[in-house]
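Thanks for asking me to look this one over. My comments are below, as short numbered points you can check against the coordinates.

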Amino acid sequence: MTAKIEIRGLAKTFATGHAKVQALAGIDLDIEDNEFITFVGASGCGKSTLLRAIGGLEYVDGGSMLVSGHAVAGPGADRAMVFQHYSLYPWLSVTENIRWCRRLAVHTRDRTLADVDAASGRADALLNLMGLGHARDAYPNQLSGGMQQRVAIARALMPKPDILLMDEPFGALDAQTREVMHDLIRHVHKIEKTTIVFVTHDVEEAIYLGNRVVLMAPRPGRIAHIYDVPLPDQREQDMKHGHDFLALKKEILARIRETSGMKTDLDQLERLNLQTS
Ligand SMILES: Nc1ncnc2c1ncn2[C@@H]1O[C@H](COP(=O)(O)OP(=O)(O)O)[C@@H](O)[C@H]1O
Ligand SMILES: [Mg+2]
C-alpha cells in the first residue's frame, strides 16, 4: 500500500531582494488515505507553503511529492482548498455558490443532463450535511462567519475531492463557533471519507481534530516531531479536559517555545546588552 501523499526531501526557498528564506527543508512525510492530519507550529515555519505545495499552488525547489502515486504538476480537482477567508461569490445565493464549480464543469466538459441532476442531488446532500438547509436561498452577506465557512466547505466538497486542504479555516471565528465547526468537520471527514490536511497555529485545535499532529519548526521550515493523538475517533468536547489531551497539549506547547527560536533571540539580546553595557 502506498501513501495517499508521499513527500520526500521537499525543499523551498523564497528570495526577496537579497534575503533568502528557507520556507521548507528536508520534509519527509507519508499521509495515508482517509487520514485527518493536522499541522501546527509557530508563525513562519512553512505550514502554508507546504499546504500550497500539496495543492499545486506553489512550486518547490527540491525533493518530490506524489499524490495518489502521481507527481503534483499544479492544482487538480482531486484536491480542494479552504482558506481562512471564505471567498464566496457575494452575488450568488448559498445554493448557487455550492453548485458553481460543478456548473463550470458542466459547461466545459459537455456533461449530460443526468450529470446535472446528480450534481443537484449532491448539492442538496451537502447543504444538509453542513446544516445549511434553511439558508439555501440566502446571500453570503446575510450569513454569520461560521455559516459562510460552512458554505465554503460545502463548495470545496462538491467535486468529491480525494483531499481537503484547510489553511487556518476557523481562524477568524469566535471560540463557540469554532467548537461547533470542529465537531462538524470531524463528522464531514467520517461521512465523506476524504483525506484532510489541516493547518492551524492553535495546539488545542490541532489535537482535537487530528489523528496525527505534525509539529513544524522555523528557520528552516521543517518537521520537528509527529505525534499520534491518543483519542478515539469519535471526539467529544469533554476530552479537551482529559489527562492525555492536556499532557499532549503541554508537551507540544513546550516544543513550540523551544523550536520557535524565541529563546535564542533572548540569549542574543542578553549578549548584546552585555556588550553595550
Ligand atoms: N511568497 C513569498 N515570498 C517570500 N517569502 C515568503 C512567501 N511566502 C512565504 N514566505 C516566507 O516563508 C516562510 C514560511 O511562510 P508560511 O508558509 O506562510 O508560514 P506559516 O504558514 O507557517 O506561518 C516565512 O518566513 C514567510 O515569510
Ligand atoms: Mg500560514
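The points that follow go through three strands and one single residue.

1. Before anything else, please keep in mind that this is a predicted model. Every remark here is about that model.

2. I would start with strand E7, which spans residues 163-167. All 5 of its 5 residues are buried, so the strand is largely enclosed by the rest of the structure. The cut-off behind this is 20 or more other C-beta atoms within 10 Å of a residue's own.

3. Which way do the residues of E7 point? Ile163, Leu165 and Asp167 point one way, while Leu164 and Met166 point the other way. In a regular strand the side chains alternate between the two faces of the sheet. Both sets in E7 are buried, and Asp167 is among these residues.

4. E7 has a strand partner in E6 (residues 79-82), and the two run parallel with 4 bridges joining them. If you want a pair to look up, valine 82 has methionine 166 of E7 as its bridge partner.

5. E7 also pairs with E8 (residues 195-199), again in the parallel sense, over 5 bridges. Here isoleucine 163 is bridged to threonine 195 of E8. To get from E7 to E8 the chain passes through helix H5 (residues 175-192), and this β-α-β crossover is right-handed.

6. Next, strand E9 (residues 212-217) is mostly covered, with 5 of its 6 residues buried. E9 pairs with E3 (residues 36-40) in the parallel sense over 4 bridges, and isoleucine 37 has arginine 212 of E9 as its bridge partner.

7. E9 is also joined to E10 (residues 222-228), by 6 bridges, and these two strands run antiparallel. Methionine 216 and isoleucine 223 of E10 are bridge partners. E9 and E10 form a hairpin with 4 residues between the strands, and in this hairpin arginine 219 takes a positive phi near 50°. That backbone angle is one you could look up in your own viewer.

8. Last, is aspartate 28, a residue of strand E2 (residues 19-31), buried or exposed? Aspartate 28 counts as exposed, because there are 12 C-beta neighbours inside 10 Å, and the exposed class takes in residues with 12 or fewer. Beyond the neighbours within four places in sequence, aspartate 28 is in contact with Ile7, Arg8 and Gly9. The C-alpha atoms of aspartate 28 and leucine 10 are separated by 6.9 Å, and these two residues are 18 residues apart along the chain.

Methods
Residues numbered from 1 in each chain as written. Chains lettered and ligands numbered in written order. Predicted model: local features only at pLDDT ≥ 70, side-chain atom pairs only at ≥ 80, totals over all residues. Pairing = 2+ DSSP bridges. Right-handed = clockwise from strand over helix to strand, strands pointing away. Contact = placed C-beta atoms within 7 Å.
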